[in-house]
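Let's take a friendly walk through a protein model, going from charged pairs to a sheet and the helices that rest on it. Keep the structure open beside you as you read.

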Amino acid sequence: MRAVLISQSTANGGETRLELGPDLGAELVGLRDRYHQAVVMMADSDLGLLDGSSDLISGRREKHPKRSLTSVVGRLGGVVLVTGGYSDSHQLARSARDYLAKIPAAGDRLILVCAAAHLFDEMWQRASLPVASSTAAFPRTSTGSLQPELYSLLPELPVPEKVNRRYIGLSPDAQVVRQLIVRAAPRPDSVLVLGDTGTGKDVVARLIHEESMRPGRFEVVNCGAIPKELFEAELFGFEKGAHSTATFAKQGLWRLAHLGTLFLDEVGDLPLDHQVKVLRALEDGMIRPVGGVDAVRVDVRIVAATNRALGSMVQAGAFRADLFHRLRAFMIRTPSLRDHPEDLALFIDHFWRKVAPGAEPLPADAVAVLAAYRWPGNARELKMVLSTLNTLFTGLRLSARHVRAVFQFEGQLDLEAPTPGSDLRSHPAECLRHLRRADEVLRAAQIPLREVLKGRSRVPETFAAIANEIETLVQELELLCRKPSLFALTSTYEKVRVVKRNLRTFAELLRRDPEAALADWKRGLEPDFEAAFAAVVAAIDDLLKRYLN
């Protein structure tokens with residue numbers, strides 16, 4: 001959708017073109033959070049496109065010909081929709097600038113003004129050249145990916161056919177992952193692969209190894225599946241007699257990967273005591289088998305992967321900061337299917353050919369049903385559904401009814417379009433994962449302040465370090481808040497957004513006047529935190545009771 005922005009932040013309060021993507025809710029949130037106070041003009045013919053974002057609109061007003069925009073909107077905050085009443089595009093722009101000059105500085109306001117199509121076209125012609133997105137500081141696809149901007153800046157390297165064939169996709173998100181694979185492969189540094197379940201982290205890890213030309217083996221350690229008491233023996237091996245059942249010596253996976261690659265899958269599930277041992281082996285390049293006396297030097301390249309928010313876990317004390325930074329010497333993010341929906345048809349065709357070789361392509365109505373689902377389990381879930389579809393209905397002429405039947409049989413939720421006004425607009429499991437990540441980040445933000453609030457470590461260096469940590473967490477909250485529907489309830493999203501906004505102000509004040517910042521924390525931010533915590537926990541409990549029990 002085309003729109004025109006006027007903000008105090010734009011040059012001379014000028015009119016700037018915007019190209020808004022299909023996820024208008026996220027676009028509106030991004031505009032409000034970036035500009036804080038702005039007016040956005042749109043054509044009244046596009047008014048229907050806002051229906052899916054009606055839960056974000058906090059007020060609606062109709063413009064009267066004899067009243068200014070300032071008097072019509074008053075002190076309303078949030079996202080306000082104003083319709084009708086303008087006959088001149090220049091007067092409309094002046095009214096918007098006058099409103100922005102008069103409103104109080106406090107509070108976020110985004111005023112959406114619908115104008116007749118011919119007036120909007122006049123403004124569009126006058127406006128400066130279009131920006132790539134309403135949130136140009138964070139370019140993304142329609143659902144929140146940040147990678148296309150990186151791809152636009154990367155010099156393109158040749159991608160081997162094997163990499164193109166095994167990590168598929170035509171979107172900028174998929175292309176940037178392939179470019180990062182070919183850059184990571186020849187490096188000796190560790191690689192950290194982050195992404196949701198089923199997004200191909202294991203495919204990326206194996207391709208990095210194969211393209212590295214390292215002569216050794218590719219060994220996989222599932223950090224979440226090995227029993228805690230056996231982890232060290234599995235990883236580093238053991239000597240004969242190391243324990244009662246050790247009747248022979250055994251090489252561990254780390255040793256078996258000598259001159260090759262060791263893939264630490266689900267590294268976020270490593271207990272803290274095992275994290276210490278992995279870090280020591282990484283730093284020294286030496287391992288000692290259980291029951292052994294002498295350490296052995298091993299040349300191993302580490303690739304680690306997780307679907308957890310390691311940065312938040314570090315802040316919360318659940319993952320060692322030194323190991324995190326050691327692993328993320330080079331980082332790759334694998335996008336979720338919802339972040340590049342333009343590739344979904346390609347994925348459907350790719351996996352259907354694999355699970356049903358020689359079968360007829362899926363008909364358009366069946367593909368449409370598959371495309372309407374949000375795929376919280378990503379490619380892994382898609383392949384499972386297609387495999388079940390083929391197993392149950394081999395040889396039949398398939399249709400949308402067959403796909404719906406498989407969805408029902410497999411227990412997929414939220415297949416129907418959300419009802420108007422519904423707060424739960426996404427797959428419940430996806431919302432649950434999003435809320436748990438928000439909970440982790442909120443908890444992590446409080447940890448650096450504990451010692452200070454107890455009266456210890458009140459030195460400038462400590463305050464500066466805390467401010468840095470909080471600013472990092474604010475960036476994580478910023479990304480989470482770009483998907484308001486994944487908070488399940490609008491009220492939960494708003495409470496988290498208040499904390500995010502106030503945390504940024506708190507970090508700035510902490511550098512200038514720590515005592516005033518701590519007083520503000522006690523007065524205002526601490527209650528905001530408690531409200532956000534309670535809302536997030538309640539939303540998680542509600543989802544578990546309603547959908548996942």
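This predicted model holds 14 salt bridges. Side chains of opposite charge can pair when their charged atoms come close. Three of these pairs are good places to begin, and the table lists them with their closest distances.

| Salt bridge | Closest N and O atoms |
|---|---|
| Asp299 with Arg214 | 3.0 Å |
| Glu219 with Arg217 | 2.7 Å |
| Arg353 with Asp349 | 2.9 Å |

Start with Asp299 and Arg214. This salt bridge links distant parts of the chain, since its two residues are 85 residues apart. Asp299 sits in the loop between strand E13 (296-297) and strand E14 (301-306), while Arg214 belongs to the loop between helix H8 (201-212) and strand E8 (218-222). Asp299 is partly exposed because its relative accessibility is 38%.

Now try Arg353 and Asp349. Both residues are in helix H14 (residues 344-355). They are 4 residues apart, which is about one turn of the helix. Arg353 has a relative accessibility of 58%, so it counts as exposed. Asp349, with a relative accessible area of 32%, is partly exposed.

What about Glu219 and Arg217: is each one buried, partly exposed or exposed? Glu219 counts as buried because its relative accessibility is 10%. Arg217 has a relative accessible area of 46%, so this residue is partly exposed.

Charged residues can also join in a group. Which residues are linked with Lys162 in a network of salt bridges? They are Arg166, Glu210 and Glu211.

**A sheet of strands**

Next, find the open sheet of 6 strands. Going across, the order is E2-E1-E3-E6-E5-E4, and the pairing is mixed. Which strands stand at the edges of this sheet? They are E2 and strand E4 (57-62). Each has a single partner strand, so one side of each is left without a neighbour in the sheet. On average, neighbouring strands here are turned by 25° against each other, direction ignored.

Strands of a sheet pair through backbone hydrogen bonds, either parallel or antiparallel. For E1 and E2, the sense is antiparallel, and the pairing runs over 5 bridges. Arg2, for example, has Glu19 in E2 as its bridge partner.

**Helices on the sheet**

Helix H3 packs on this sheet and touches E1, E2, E3 and E6. The direction of H3 makes about 160° with that of E3. Helix H4 lies across E1, E2, E3 and E6 as well, and runs at about 65° to E1.

H4 (residues 117-126) is worth a look of its own. Which of its residues are buried? They are Leu119, Phe120, Met123 and Trp124. Why do these residues line one face of the helix? Seen down the axis of H4, they fall within an arc of 140°, so they line one face. On the other side of H4, His118 and Gln125 are exposed.

And what do the buried residues of H4 pack against? Their partners are strand E1 (2-7), strand E2 (15-19), strand E3 (37-43), helix H3 (89-102) and strand E6 (109-115).

**Cysteines and two backbone angles**

How many disulfides does the model have? The count comes to 0. A look at two cysteines is still useful here. Cys114 counts as buried because its relative accessibility is 4%, and Cys431 counts as buried because its value is 0%.

Finally, turn to the backbone. Met213 has a phi near 65°, a positive value in a residue other than glycine. You can find Met213 in the loop between H8 and E8. Its relative accessibility is 70%, so Met213 counts as exposed.

Leu259 also has a positive phi, near 70°, and is likewise a residue other than glycine. This residue lies in the loop between helix H10 (253-256) and strand E11 (261-265). Leu259 counts as partly exposed because its relative accessibility is 35%.

Terms used: Residues numbered from 1 in each chain as written. Predicted model: local features only at pLDDT ≥ 70, side-chain atom pairs only at ≥ 80, totals over all residues. Heavy atoms only, no water. Salt bridge = Lys/Arg side-chain N within 4 Å of Asp/Glu carboxyl O. Buried < 20%, exposed > 50% of the residue type's maximum accessible area, 1.4 Å probe, protein only. Arc of directions from axis to C-beta. Contact = heavy atoms within 4.5 Å. Pairing = 2+ DSSP bridges. Axes fitted to C-alpha atoms, helices over the stretch in contact; angles between N-to-C directions. Disulfide = S-S within 2.5 Å.
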